[in-house]
Amino acid sequence: MKKRLYDEYIRRLLEVNDESKTEDEHRLIVQNFRGWVQGVEDAADYRFNGDYYYIALFDSGKMSERPICCGVFLDWKHKDAPQNTVEAVENIA
């Protein structure tokens with residue numbers, strides 16, 4: 001079960017960091033993400049940290065280093081073009 005929750009955590013984290021979203025969409029996604037994370041912690045006592053996920057991408061050179069906290073980009077900004085976050089993840093698989 002923890003593996004499935006972690007996979008869902010990463011899916012949601014990628015959605016949070018997707019810079020193709022509008023600022024309003026981003027705020028809603030962040031709120032839902034934080035609620036989901038808190039719910040998992042309350043119900044199953046699992047905690048996840050997305051920093052490790054992105055640090056592995058940074059170290060591998062598949063993504064440029066960015067400021068993060070708990071896996072969330074601190075410098076998130078809407079961009080018109082698709083963000084390479086999702087592309088980097090697809091290239092890992």
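Guide: A nonpolar core is a set of buried Ala, Val, Leu, Ile, Met, Phe, Trp, Tyr and Cys residues joined through side-chain atoms within 4.5 Å. Please keep in mind, as we look for one here, that this is a predicted model.

Visitor: How many residues does the largest nonpolar core have, and which of them have the most contacts inside it?

Guide: The largest nonpolar core has 21 residues, and those with the most contacts inside it are Tyr-9, Leu-13 and Tyr-54. At least two residues of this core come from each of α1, α2, α3 (51-60) and β2 (72-73), and α1 supplies the largest share, six residues.

Visitor: Where do the buried residues of α2 lie around its axis?

Guide: The general idea is that an α-helix has 3.6 residues a turn, so residues three or four places apart point the same way. In α2, the buried residues are His-26, Ile-29, Val-30, Phe-33, Trp-36 and Val-40; they cover an arc of only 130 degrees around the axis, which puts them on the same side of α2. The face turned away from that buried side carries the exposed residues Asp-24, Gln-31, Arg-34, Asp-42 and Ala-43.

Visitor: What span should α2 have, and how far apart are its end C-alpha atoms?

Guide: At 1.5 Å a residue, the 22 residues of α2 should span 32 Å, and the end C-alpha atoms are 31 Å apart, which agrees.

Visitor: Which residues line the largest pocket?

Guide: The largest pocket, with a volume of about 210 Å³, has a lining that includes Tyr-9, Val-30, Phe-33 and Arg-34. The largest share of this lining, six residues, comes from α2, and by class the lining has nine nonpolar, one polar and two charged residues.

Note on methods. Residues numbered from 1 in each chain as written. Predicted model: local features only at pLDDT ≥ 70, side-chain atom pairs only at ≥ 80, totals over all residues. Heavy atoms only, no water. 1 Å grid on protein atoms, 1.4 Å probe; cavity = no way out; pocket = protein on both sides within 12 Å on 5 of 7 lines; lining within 4 Å. Points joined across faces, edges and corners; volume = space filled by probe spheres on them. Helix = DSSP H or I, 4+ residues; strand = E, 2+ residues; numbered from the N terminus. Nonpolar A, V, L, I, M, F, W, Y, C, P; charged D, E, K, R; others polar. Buried < 20%, exposed > 50% of the residue type's maximum accessible area, 1.4 Å probe, protein only. Expected span 1.5 Å × (residues − 1). Arc of directions from axis to C-beta.
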